[in-house]
Amino acid sequence: FRAIISYQFMLICMGTFVTTGLLDIALEENWLAGLCAFNIVFFVGLLYLHYRGCYLVSATLYVVFANITIFLHEARYGFQAGVYLFYFPVFIAIFATLSFKNAAWFYFNLGLTLVFWMLMEITGHSLLLGQHAPTEVHAVFLYSMSVSLVVTILFVYLILDQIRNGAIARESEKLKSVLDSNGQMMMLVNQKGEVELFNKRFFDYYKTVYGHTLEVGKPYLDYANPQNRALLETGLAQAFAGNMVQKDVQVMMGNEPAWMSLNFEPIRNDNGIVKRVAFSVLDISERKNYEKNLSETNAILTKLNHELDHFIYRSSHDMRAPLASVMGLVELFHSEEDETEREEYIAMIGQSVHKLDQLLVDITHYAKNKKLGVRAQKVNFDSMIHELVNALKYAKN
């Protein structure tokens, strides 16, 4: 910040010395014009020092030579010429570029300027006073007042502008650090559709997938995959219209499809006008795959549950037949007195129990066979019908 201010102040000084030199030539003050020309050359050298990073040296030297130039002009034209007004921007420059840090050099430059100022006060502004017509003095006064006022206002504006830019830059850095810590890819897009800010995830994504390097100030849609451009244009347009947009879409990630959650959120100023859109992207491919697998698993479980219900119904039905036969034979056994018949009933009960046991064995085999392939086998319907009739003919009713 101070380096920029000192650089700007040196440029302002050079412009002031050019106009002062022209005024001195018009007033035939050639030696003062020569001094201004020397200062211009000298300040070019200071700009070179500034370019090389010697900010403290260049700042101190320009304060010293600005003091000498102001002092000589004031001593030449007198107090009425108002050249002392140029001390205001010099004082501002000292505070802006040397205060807070470099305290020793700050006090040195401030003290030196005060010495030159007091020296003019003590000498009555007559150290080099020559004979000048009132019109010349008035011309110098008008020049000094106008230019020093313009220089002061311009310099204060530059300082405030740098403070504002510095504050914006600091806020941008804070915002960027917050965005970088976010798990989503995030970007700010202005009303012109230009990129204002983006986080590291967005930068890395475009660098890795598309080979593009995101840059601030470039139109965002220039970076978009052509297959996704219409979708992004629509989302941005709706957000700038004041609507919050959220879409889960399948987009092309390079040459591969991927599921992304796109969010377009309008950012309004104090007047409620949408100035920017916060655009964020979250890769939800893994979640979509999980949902797909969950849906497929749920379908399989539904099918298995239906088969289980059907199996239980059939099994219970098949088990009730031999049990009903056993219960019927038991009643006949108790009501029959003939021992021969009763033994026949006992034999039939044994057959039904054996049938029930075979059914349980079949159920066990069925559970195992669910894990095997299908194998065709001939069915003897005559034998099956005969077994079913024999199993049921002694049941009740």
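In this predicted model, helix 3 (residues 55–77) packs against helix 5 (residues 103–123) at an angle of about 5 degrees, and their axes lie 10 Å apart. Angles under 35 degrees count as roughly parallel, and helix 3 and helix 5 are therefore roughly parallel to each other. On the side of helix 3, the contact involves Leu-56, Ala-59, Thr-60, Val-63, Val-64, Asn-67, Ile-68, Phe-71 and Glu-74. Helix 5 contributes Trp-105, Phe-108, Asn-109, Leu-112, Thr-113, Phe-116, Leu-119 and Met-120. By class, this contact comprises 12 nonpolar, 4 polar and 1 charged residues.

Both helices also belong to a wider assembly. The largest nonpolar core has 47 residues, and those with the most contacts inside it are Phe-43, Tyr-62, Tyr-87, Val-140 and Phe-155. Two or more residues come from each of helix 1 (2–26), helix 2 (30–51), helix 3, helix 4 (87–98), helix 5 and helix 6 (134–180). Helix 3 gives the most, with 9 residues. Leaving aside residues up to four places away in sequence, Tyr-87 touches Asn-67, Ile-70, Phe-71, Thr-113, Phe-116, Trp-117 and Met-120. Another core lies apart from the largest one. The two are listed below.

| Core | Residues in core | Residues including |
|---|---|---|
| Largest nonpolar core | 47 residues | Phe-43, Tyr-62, Tyr-87, Val-140, Phe-155 |
| Another core | 27 residues | Val-195, Phe-202, Val-249, Val-281 |

The protein as a whole has 11 helices and 5 strands. Of its 397 residues, 35% are buried. Its accessible surface comes to about 24,600 Å², of which 62% belongs to carbon and sulfur atoms. Among contacts between residues at least 6 apart in sequence, 58% join residues at least 24 apart.

Methods
Residues numbered from 1 in each chain as written. Predicted model: local features only at pLDDT ≥ 70, side-chain atom pairs only at ≥ 80, totals over all residues. Heavy atoms only, no water. Axes fitted to C-alpha atoms, helices over the stretch in contact; angles between N-to-C directions. Helix = DSSP H or I, 4+ residues; strand = E, 2+ residues; numbered from the N terminus. Parallel < 35°, antiparallel > 145°, perpendicular 65-115°, else oblique. Contact = heavy atoms within 4.5 Å. Nonpolar A, V, L, I, M, F, W, Y, C, P; charged D, E, K, R; others polar. Buried < 20%, exposed > 50% of the residue type's maximum accessible area, 1.4 Å probe, protein only. Areas by Shrake-Rupley, 256 points an atom, 1.4 Å probe, with all protein chains shown as cover. Core = buried A, V, L, I, M, F, W, Y, C linked by side-chain atoms within 4.5 Å.
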